[in-house]
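Reader: Hey, got a minute to walk me through this one? I'd like to start with how the chains meet and then move on to pockets.

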Amino acid sequence: MAQDLVLEIAGLEKTFNPGRSNAVTAISDLYLAVRPREFVSIIGPSGCGKSTLLRLVGGLIEPTAGELSVNGRSAQEARLGRDYGMVFQAAGLLDWRTAIRNVELPLELMGWSKLRRRKRAKEMLELVDLGGFASHYPAELSGGMQQRVSIARALSFEPSLLLMDEPFGALDEMTREYMQTELLKIWRETATTVIFITHSIPEAVFLSTRVAVMSPRPARIAAELPIDLPERTPQTRDTEEFFRDVSLVRRTLRSVEGQ
Amino acid sequence: MKFLRGGAWLPPTVFGAGALGLWELVLWLTDPEGFVLPRPSEIAIALGENVSEVWMASRVTGFIILSGLAGGVVLGAVAALVVIRFRTANETLTPLAVAINAIPIIALAPLFNNWLGITSPRSNQAVVVLLVFFPVFINTARGLSEVDDEQIELMQSYAASDWRIMRTVRIPNALPFFFTALRLVASLAVIAAIVVEYFGGRQDTLGNIITQNAQFTRYDVAWAAVVAGSIIGIALYFAALIVERLATGRYARATAEA
């Protein structure tokens with residue numbers, strides 16, 4: 001497999017409870033390749049297996065068949081090598097740890113010295129504009145702030161691949177758009193590769209360099225649409241190019257669902 | 001600590017004093033046969049007159065309570081850890097714990113006396129340990145297992161081992177559950193220890209003071225021993241509360257205020 005790909009998936013299949021009467025094939029014959037520094041959104045009808053795909057990529061579950069390599073290694077090897085930063089819809093912060101100690105968590109597991117991880121965690125909190133909230137507990141932060149802490153935590157150890165599963169799904173529209181702009185800023189500053197699961201078409205278009213459209217179950221990538229916006233600022237959402245791409249993704253999604 | 005400041009003490013103190021005053025007043029006004037229910041003042045006098053006997057008994061019973069409590073809490077917490085960590089242990093230990101809990105353990109006190117010796121503290125301790133074990137076990141196990149899937153997946157994505165997940169996520173998550181159980185069993189242990197003493201054994205115990213004096217209609221002295229038992233129970237409850245605050249620290253206050 002090519003070395004210059006962060007992620008390469010070929011003929012991937014995932015069947016839950018194989019061989020039993022309640023067997024469900026969630027993913028079948030799925031192909032996807034992601035180059036370094038790409039921002040790829042995966043969009044599809046709900047329940048189509050987007051989260052399953054992300055968990056397969058993250059090495060949290062095993063595929064039934066097919067090839068999946070991350071930086072030329074298996075998903076398990078990549079997980080054990082800490083190639084992934086993961087962000088879920090729920091921020092998943094530990095309630096009894098302050099914001100900064102939540103960001104430090106992966107660094108702690110990686111055996112960083114206290115001084116070094118404190119310094120890095122501080123930088124990461126500043127990156128997500130939460131420098132002043134280091135010693136706050138999650139219960140003292142808003143939903144959007146919690147999700148920013150979660151992003152800071154995921155990026156703290158500079159993973160080569162950031163896996164995001166509807167990270168802004170639980171946020172209100174205003175916070176959501178603000179978080180999208182923030183995420184793009186962070187993505188540019190950190191040179192990370194992002195795989196972003198969403199069911200929001202405008203969100204996928206605004207964020208991505210490429211949108212991968214998934215088919216209904218059993219899921220595969222039915223279409224890949226490169227997104228080439230001249231710039232991405234809050235004003236971009238009102239431009240003609242943006243509307244054009246949104247409607248292109250929408251039509252693709254519709255035709256895929258109709259199949 | 002908020003509960004140690006004056007403001008929080010005032011309402012329950014006023015209420016308690018009011019209730020005692022009312023008790024005193026009603027008995028003084030109706031003046032029933034004195035031995036049915038002694039007045040608080042009579043109990044206080046009886047406590048004063050028998051203070052050394054009640055104190056010695058409190059130490060004997062208190063030792064049973066504390067040692068039984070400690071044993072039951074440690075066993076319950078360790079069993080919960082084992083059950084959550086090892087699936088097969090869960091399948092065998094949990095039904096066993098449920099079965100033990102279904103036994104009316106206090107009713108077995110005479111049998112324990114036969115097995116372990118009537119004057120030995122072992123039989124009393126055994127009953128307290130068994131009673132304390134179950135609430136601690138069930139609550140702690142629940143706290144250890146009720147963790148968001150995503151938090152576990154997150155830890156796995158950092159290549160954390162199962163023991164590391166236990167230490168970093170499950171155990172801190174279980175602490176509030178554990179401490180709720182601790183406050184519950186603190187008073188349960190007092191009840192268990194005193195009731196077991198009703199079935200015989202040493203003479204110098206709170207349970208024995210209560211049964212002996214009730215038999216000879218010296219209700220005021222019996223009540224004095226009950227007061228001593230209550231004081232032990234309240235002290236243990238607050239001790240559990242203080243340990244909880246020390247263990248959860250500023251986090252508990254942050255969540256309480258948010």
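Author: Sure, we'll take the interface, then the pocket, then chain B as a whole. Keep in mind that this is a predicted model.

Reader: OK, how many residues of chain A are in contact with chain B?

Author: On the chain A side there are 27 residues, and they are in contact with 20 residues of chain B.

Reader: And what area is buried between the two?

Author: About 2200 Å² is buried between chain A and chain B, with carbon and sulfur atoms giving 62% of that. Three residues stand out on the chain A side: A:Trp96, A:Leu109 and A:Tyr137 supply 28% of the area that chain A buries against chain B, more than any other three residues.

Reader: Which salt bridge could I look at between the chains?

Author: Try A:Arg55 with B:Glu153, where the closest N and O atoms are 2.8 Å apart. The count between chain A and chain B is two salt bridges. There are also five residue pairs in polar contact between these chains, counting pairs with both residues at pLDDT 80 or more.

Reader: Which elements of chain A give two or more residues to that side?

Author: Those are helix H2 (75-80), strand E6 (84-87) and helix H3 (99-109) of chain A. H3(A) gives the largest share, four residues. By class, the side of chain A that touches chain B has 15 nonpolar residues, eight charged and four polar.

Reader: Switching topic: how much space lies in the largest pocket?

Author: The largest pocket holds about 480 Å³ of space. It is lined by 16 residues, and the closest to its centre are B:Leu20, B:Val227, B:Ser230, B:Ile231 and B:Ile234.

Reader: Which helices give two or more residues to the lining?

Author: Helix H1 (6-30), helix H2 (40-49) and helix H10 (219-257), which belong to chain B.

Reader: How many charged residues are in that lining?

Author: There are no charged residues in the lining of the largest pocket; the classes there are 13 nonpolar and three polar.

Reader: Last one, what does chain B look like overall? How many helices and strands?

Author: Chain B has ten helices and zero strands, so to speak α-α-α-α-α-α-α-α-α-α when read along the sequence. Its C-alpha trace spans about 75 × 50 × 30 Å along the principal axes.

Reader: Great, I'll pull up A:Arg55 and B:Glu153, the salt bridge pair, to begin with.

Key
Residues numbered from 1 in each chain as written. Chains lettered and ligands numbered in written order. Predicted model: local features only at pLDDT ≥ 70, side-chain atom pairs only at ≥ 80, totals over all residues. Heavy atoms only, no water. Contact = heavy atoms within 4.5 Å. Buried area = accessible area lost by both parts, 1.4 Å probe. Salt bridge = Lys/Arg side-chain N within 4 Å of Asp/Glu carboxyl O. Polar contact = N/O pair within 3.5 Å; in protein donor to acceptor, adjacent residues only side chain to side chain. Nonpolar A, V, L, I, M, F, W, Y, C, P; charged D, E, K, R; others polar. 1 Å grid on protein atoms, 1.4 Å probe; cavity = no way out; pocket = protein on both sides within 12 Å on 5 of 7 lines; lining within 4 Å. Points joined across faces, edges and corners; volume = space filled by probe spheres on them.
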